[in-house]
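Me: I would like to go through this structure in questions and answers. Please keep each answer short and end it on the item asked for.

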Amino acid sequence: MPVWIDGGPRRSRRSRALRAALVAAVPVLAVGGVLAGTGGLPEAALVDAPGDVAPGASGGHGRGMSQLGALTYAKQGWDAQRILAYYYPGTSLGTVHTGLPVTVRLSERRSVDVLAPAGALVGGKQVAPGQAVSIQGTTATIRQGCGGQVLGTVDAADRTISPLTADQGIAADQVLRFCSDNARYRGKLVSRDDGVLNVVGIEDYVRSVVPVENSPGWADQGGVAALQAQAIAARSYVLVRGAERGETFDDTQASQVYGGVDKEDPRTDAVIVSTYGLVMAKDGRVFETEYGASRADDPAAR
């Protein structure tokens, strides 16, 4: 059964390991610059790999995959599978349930006050398209657009506003948008006393991470394989670390940089599609794929 990253109570490493299922290792080939499976990919569910630390230099960060090194190797004709095998020896590709949610703390957000262009749900009530919702405590106030006339209030015990559909990949102009600066986020937004959480599907999450952790322009420079490797590494890392940290996973370099819809790019969108659901696995568990700009022991990154 899938292990959902839902911001719930933290569990001991032992209890998480007992609940988890095995990751399915899959052969993958690079075809025309796009990863393609050799057959149907069985889903896997384990997202906890305590003690698994990617190899690399011990000084500073310097661990796991070098992003600049990956770009260099991609330009030399390496595919994503070869890049990942080089930086994470002893691992193999596997798949996970692509519906897994990730809970991210939005470090710059202090309250929920958003426009719902396509409508939304709050406190079990439907919000009409174009209306706005602000949440204070367990009370949601509904207005006729940002700054518009108050239409009423709703008891929102879970302090959450959700899109009408849970589908990942909905049109960018249909997602929830903060009234203060029009910043857009897929998935749910949850008001907390200490800030705002974004509960987002893992594919949409990775869709926003890759273009800020790397440059979408790499796709125009022979670096598609490096971006594919980044997508797989980012997906693997958030599953392991997110399961361990629960709600405390954030949108900065302390976890992975995440910028919501406004950081998405068509070039990296294509990369996410080409690596859909792929992770790195070791001994039947998702591997904690650390990475950074460079590694002292990697000649390609120098």
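The turns below cover a predicted model, from overall counts to single residues.

Me: How many helices and strands are there in the protein?
Reply: The model is predicted, so local features are taken at pLDDT of at least 70. Counted along the chain, the protein has six helices and 20 strands.

Me: What percentage of the residues count as buried?
Reply: Buried here means under 20% relative accessible area. The protein exposes about 12,700 Å², and carbon and sulfur atoms supply 50% of that area. Of its 302 residues, the part that counts as buried is 52%.

Me: Among contacts with a separation of 6 or more, what share comes from residues 24 or more positions apart?
Reply: The contacts in question are those in the protein with a separation of 6 or more. Of these, residues 24 or more positions apart account for 70%.

Me: Which helix gives the largest share of the largest nonpolar core?
Reply: Nonpolar side chains tend to be buried together in soluble globular proteins. The largest nonpolar core in this model has 66 residues, and those with the most contacts inside it are Met 65, Ile 83, Leu 189 and Tyr 205. Twelve residues, the largest share of this core, come from residues 224-245, which form helix α5.

Me: Why does this core lie between two domains, and which are they?
Reply: A core lies between domains when both give residues to it, and that is the case here. The two contributors are therefore domain 1 (67-101 + 202-286) and domain 2 (111-186).

Me: Which residues does Met 65 touch, not counting residues up to four places away in sequence?
Reply: Met 65 is one of the residues with the most contacts inside the largest nonpolar core. With residues up to four places away left out, Met 65 touches Ala 70, Ile 83, Leu 84, Tyr 87, Tyr 88, Ala 229, Gln 230, Ala 233, Glu 290, Tyr 291 and Gly 292.

Me: Which residues of helix α2 are buried?
Reply: Helix α2 covers residues 67-75. Just after α2, Gly 77 takes a positive phi of about 100°. Within the helix, the buried residues are Gln 67, Gly 69, Ala 70, Leu 71, Tyr 73 and Ala 74.

Me: How many residues of α4 are buried?
Reply: α4 reaches 16 Å from its first C-alpha to its last, close to the 16 Å expected at 1.5 Å a residue. Its buried residues include Tyr 205, Arg 207 and Glu 213. The helix is mostly covered, and of its twelve residues the number buried is eleven.

Me: Which residue meets Asp 113 in a salt bridge, and is that partner buried or exposed?
Reply: The total for the protein is eleven salt bridges. In one of them, Asp 113 and Arg 143 meet through their side chains at 3.0 Å, N to O. Asp 113 lies in strand β7 and its partner in strand β11, 30 residues apart. Asp 113 is partly exposed at 26% relative accessibility, whereas the partner has 11% and is buried: Arg 143.

Me: What is the distance between the closest N and O atoms of Asp 262 and Arg 184?
Reply: The two residues form a salt bridge. This pair joins the loop between α5 and α6, which holds Asp 262, to strand β15, which holds Arg 184, 78 residues apart. Asp 262 is partly exposed at 38%, and Arg 184 is partly exposed at 21%. The closest N and O atoms are separated by 2.8 Å.

Me: Which residues form one network with Glu 264 through salt bridges that share partners?
Reply: Glu 264 and Arg 207 meet in a salt bridge at 3.4 Å, N to O. Glu 264 lies in the loop between α5 and α6 and Arg 207 in helix α4, so the pair ties together parts 57 residues apart in sequence. Both Glu 264 and Arg 207 are buried. Shared partners join Glu 264 into one network with Arg 186, Arg 207 and Asp 269.

Me: How far apart in space are the C-alpha atoms of Ala 281 and Gly 90?
Reply: Ala 281 sits in strand β18 and is buried at 4% relative accessibility. Gly 90 is 191 residues away from Ala 281 in sequence, while the C-alpha to C-alpha distance is 8.8 Å.

Conventions
Residues numbered from 1 in each chain as written. Predicted model: local features only at pLDDT ≥ 70, side-chain atom pairs only at ≥ 80, totals over all residues. Heavy atoms only, no water. Core = buried A, V, L, I, M, F, W, Y, C linked by side-chain atoms within 4.5 Å. Buried < 20%, exposed > 50% of the residue type's maximum accessible area, 1.4 Å probe, protein only. Helix = DSSP H or I, 4+ residues; strand = E, 2+ residues; numbered from the N terminus. Domains from an automatic or database assignment. Contact = heavy atoms within 4.5 Å. Salt bridge = Lys/Arg side-chain N within 4 Å of Asp/Glu carboxyl O. Areas by Shrake-Rupley, 256 points an atom, 1.4 Å probe, with all protein chains shown as cover. Expected span 1.5 Å × (residues − 1).
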